[in-house]
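Please look over the sequence and the structure shown here before reading on. The notes that follow are grouped by topic.

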Amino acid sequence: MNHYRTYFLLIKMVFCLAITICQGQNRETHQLRLNDLSGAQWISDGKAQPQLDSLMYGDDPAPLFRKVFISGKTLGSAILYITAAGYYNATINGVKIGRNFLDPAWTSYSKRIYYSEYDITSNILTGKNCIGVSLGNGFYNPLPLRMWGSKNLRELLNVGRPQFIAKLVLTYKDGNTEVLRSDTTWKFSYGPVIKNSVYIGEVYDARKEAKGWTSPKFNDSQWAAAIPGNGPGGILQKAFFPAIQQTAVQKPVTITSPEKGVWLVDMGVNFTGLYQIRLHGKEGDKIRFRFGERIYANGELNPMTAVCGQIKRAGQGGPGAPPIAWQTDEYLFGEDADVWYCPCFTFHVFRYMEITGLAKAPSLSDIHGLVLHTNVKVDGHFSTSSKLLNDIQEATKRTFVNNLMSVQSDCPGRERFGYGGDLNATSESFICNYDMHDFYRKTIYDWIDAVNDSTFIDVAPYVMKYCGISWESAVITTQDHLLTYYNDLDIVRELYAFDLKWMEKVARIHPEGVVKKGLADHESMIPVPVELIGTTHYLKCARIMKRFAAIMDDAPNVKKFEALERKLSSEILTLFWQKPINQPVNRQTLYATLLYYNLIPENEKKGAVDSLLSAVKNGVNGHFTTGIFGTKYILEALSQAGYAGKVYEIINSKTYPGWGYMIDSGATTLWETWKESDNTFSNCHPMFGTVTEWFYRWLGGIREIPEYPGFKKFIIAPYLPADLDHVNCSFNTPYGTITSNWIKKSPGNFQFNLKVPKGCEAAVNLPFVKFRKISLIHSAGKKPVASISQSADFSLKEGSYQIAVNQ
């Protein structure tokens with residue numbers, strides 16, 4: 001019977017996967033449409049790569065491609081499909097196509113490449129037209145910088161000369177169609193971008209401009225025919241997630257001169273992106289820009305916290321590398337003495353911009369910061385009557401979007417890699433604030449393309465392996481978050497077979513169950529054993545797979561993962577609860593982890609909570625000393641145990657260590673470490689951003705009920721600090737917006753404004769033990785629809801409500 005059941009289960013899995021694929025092909029957001037670029041060729045400049053690493057740092061002008069075509073009929077539509085290995089900029093008759101920057105998104109190019117679709121109908125002229133494409137290196141042709149003295153991306157990534165593929169479909173109103181494809185009939189030459197690196201910047205030589213090259217009237221008789229390329233090998237898939245776009249303009253606040261000929265521009269906040277600047281000079285003048293998150297006490301630029309791969313001394317970065325791999329750009333004047341300049345194939349993280357080479361100081365009005373990031377929709381709102389809390393929230397959100405550059409990075413300067421540990425720690429915090437559904441689907445596919453059968457990796461696209469299961473398990477946990485927050489059953493069904501194989505790999509790597517190798521609570525102020533952090537992540541995966549198996553009606557695997565859950569839980573308790581711990585350990589992370597994963601027997605929980613409170617009291621200034629995971633765990637564990645007030649007290653403090661200390665020290669983004677760093681550590685790192693999740697869950701009180709994915713049923717149970725006058729909190733779900741706002745009208749009198757989406761139900765628990773009256777007013781009527789005098793615990797169906805509480 002077991003053989004028959006296994007057989008039918010496999011048939012069912014294949015059937016579900018086939019349905020999912022078919023559904024995906026009918027959904028615009030997840031469509032694989034190979035025909036969009038069928039018949040088109042990858043084309044490039046065909047230039048041979050230097051044989052020596054040192055030669056990679058010489059001039060290598062970005063190639064320009066153009067194609068003239070004629071549109072002579074009454075046009076109905078013109079649709080362009082385009083992508084590149086590297087980055088591309090495309091124009092039609094001199095006009096930039098689309099809003100995207102640094103396109104396409106970074107992927108494992110040998111596995112998958114996303115293309116974009118643009119409607120350029122309104123840009124097509126009757127008669128001659130010209131499509132122009134310029135190519136940048138991006139992550140496909142990186143410099144051989146040896147990050148940390150050893151990791152060369154050219155040895156770790158699929159690399160090559162930048163190339164692109166495109167197809168333009170012209171549909172006329174008479175029903176006829178013309179198709180223009182990238183091929184060797186395109187012409188190419190070289191332009192003014194003579195160097196471009198995604199890490200260390202761009203050099204633009206205006207003397208090499210081919211003026212008017214994007215116009216159909218340009219004489220390209222001296223240009224060469226494009227060279228056919230082989231392409232990087234990955235499947236071509238239409239992008240279904242938001243692109244990197246400019247989302248705001250950041251205006252500078254001051255310009256100072258720390259020394260003669262040096263101008264320092266303070267942009268006001270630390271952000272990721274580019275800049276536009278008006279420059280004045282004469283032919284041959286060189287203007288140099290450097291960027292940093294900080295300044296030194298003497299007012300000079302400090303670029304050191306965003307240096308690529310900690311390359312900070314001569315020879316460390318390999319042959320030809322700069323002694324310090326800081327973020328720089330250069331502009332060399334051509335014949336035009338008054339220009340606006342903006343780099344195109346790089347990005348920077350900076351608050352401060354140093355400018356040298358100008359004859360006089362620039363004007364504030366001549367500098368615009370271009371805020372760039374993957375343009376995820378703002379999906380949540382949180383604000384309070386506390387300026388400090390609002391500043392923490394804004395710094396957290398700014399840190400988050402600064403690290404969304406087609407992958408969710410740990411820092412937008414030094415590394416720019418999509419680390420799984422940061423996903424595990426902060427993805428729910430991102431989801432509270434932004435619509436991350438499609439972005440995290442892309443992220444999951446990045447991991448699918450990057451993982452292997454024998455070892456754990458740290459980042460996707462793949463660059464390194466060291467950290468272990470607490471990083472790679474993001475491929476499982478992110479799927480679970482898409483289920484919980486977006487009711488995405490498709491991703492579970494689509495990847496279930498992969499997930500089962502992945503769990504088999506974990507069992508091979510850790511046959512005893514306990515994880516003994518990898519990184520633990522990164523940046524904890526006191527050591528934390530990997531046996532605790534790694535094994536609890538393994539446990540979390542077992543619980544998730546039990547949930548997935550139930551969805552797939554896979555009873556044998558439900559039992560299998562239940563048994564694994566029991567085994568791992570027992571081993572963790574034996575090691576970290578039932579036996580004395582003699583080694584140095586951060587007891588804040590220890591007890592918070594055990595409580596967060598609900599491992600402590602019910603009759604022993606009080607002892608664990610008391611031990612956690614004691615560990616906090618003994619921490620530096622009575623504050624948290626936890627790292628990347630322990631911080632998330634301690635915020636929730638203390639609050640679930642009834643000590644949200646203690647959490648609030650620490651968050652609301654300006655004493656070191658803490659979020660308030662960062663803000664009081666002038667931070668506009670969150671630091672990588674509790675202690676301020678002016679050299680080694682990033683000043684823009686998301687891992688301590690889990691504080692925003694706590695804001696939504698405990699001050700707003702909006703919490704999920706896992707058995708009801710997508711917040712079909714959810715909790716509203718806010719904590720009301722005595723010194724807060726109001727909280728405004730809203731969160732979008734697949735069914736609509738949840739709102740949980742409250743205001744203290746006067747001592748003992750509160751008003752709650754709640755909204756429950758259509759078809760949903762809220763389990764409301766207001767934190768009052770003694771009160772005279774609770775009145776509910778539904779938005780459909782002006783009179784109270786209910787008066788509750790016995791309990792502050794009740795349910796609400798769909799609608800908007802005003803609730804008055806009189807104590």
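Which residue in S37 is the bridge partner of Val 764? In this predicted model, the partner of Val 764 in S37 is Phe 794, and the points below begin with the sheet to which that strand belongs before turning to other strands, a single asparagine and a helix.

**The open sheet that includes S37**

- The sheet is an open one made of 4 strands, arranged in the order S29-S30-S34-S37, and the pairing within this sheet is mixed.
- Its edges are formed by strand S29 (702-704) and strand S37 (793-796), each of which pairs on one side only.
- On average, and with direction ignored, neighbouring strands of this sheet are turned by 25° against each other.
- Strand S34 (residues 761-765) runs antiparallel to S37, and the two are joined by 4 bridges, with Val 764 and Phe 794 as one of the partner pairs.

**Strand S27 and its partners**

- Strand S27 (residues 367-374) has 7 of its 8 residues buried, so this strand is largely enclosed by the rest of the structure.
- Strand S18 (residues 244-250) is antiparallel to S27 and connected to it by 6 bridges; within these two strands, Gln 246 stands opposite Leu 372.
- Strand S20 (residues 262-280) also pairs with S27 in the antiparallel sense, here over 5 bridges, and the bridge partner of Ile 277 in S27 is Ile 367.

**Strand S2 and its partners**

- Strand S2 (residues 63-71) is mostly covered, since 7 of its 9 residues are buried.
- Strand S12 (residues 187-190) runs antiparallel to S2 and is joined to it by 4 bridges, and in S12 the residue that partners Arg 66 is Lys 187.
- S2 and S7 are paired in the antiparallel sense over 8 bridges, and Ser 71 faces Gly 127 of S7 across this pairing.

**The surroundings of Asn 129**

- Asn 129 belongs to strand S7 (residues 127-136), and with a relative accessible area of 0% this residue counts as buried, because the cut-off for that term is under 20%.
- Although Asn 129 and Ser 71 are 58 residues apart in sequence, their C-alpha atoms are 7.4 Å apart in space.
- If neighbours within four places in sequence are left aside, the residues in contact with Asn 129 include Lys 67, Val 68, Phe 69 and Ser 71, together with Ile 92, Asn 93, Asn 123, Ile 124 and Pro 216.
- The side chain of Asn 129 makes a polar contact with the side chain of Asn 93 at 2.9 Å, while a polar atom of the Asn 129 side chain lies 2.6 Å from the backbone nitrogen of Leu 125.

**Helix H8**

- Helix H8 (residues 489-509) has 21 residues, which at 1.5 Å a residue should span 30 Å, and the 29 Å between its end C-alpha atoms agrees with that expectation.
- H8 nevertheless bends by about 60° at Tyr 496, and Tyr 496 is itself one of the buried residues of the helix.
- Other buried residues of H8 include Asp 490, Ile 491, Val 492 and Leu 495, as well as Asp 499, Leu 500, Trp 502, Met 503, Lys 505 and Val 506.
- At the start of H8, a side-chain oxygen of Asp 488 comes to within 3.2 Å of the backbone nitrogen of Asp 490.

Methods:
Residues are numbered from 1 along each chain as its sequence is written. This is a predicted model: local features need pLDDT of at least 70, side-chain atom pairs count only at pLDDT 80 or more; totals for chains, interfaces and linings use all residues. Side-chain values use heavy atoms; hydrogens and water are left out. The expected span of a helix is 1.5 Å times one less than its number of residues. The bend at a residue is the angle between axes fitted to the seven residues ending there and the seven starting there. Buried means under 20% relative accessible area, exposed over 50%, partly exposed in between (1.4 Å probe, protein chains only). A polar contact is a pair of N or O atoms within 3.5 Å; within protein, one must be able to donate a hydrogen and the other to accept it, and residues adjacent in sequence count only if both atoms are side-chain atoms. Contact means heavy atoms within 4.5 Å. Two strands pair if DSSP finds at least two bridges between them. Axes are lines fitted to C-alpha atoms, for helices over the stretch in contact, and angles run from 0 to 180 degrees between N-to-C directions.
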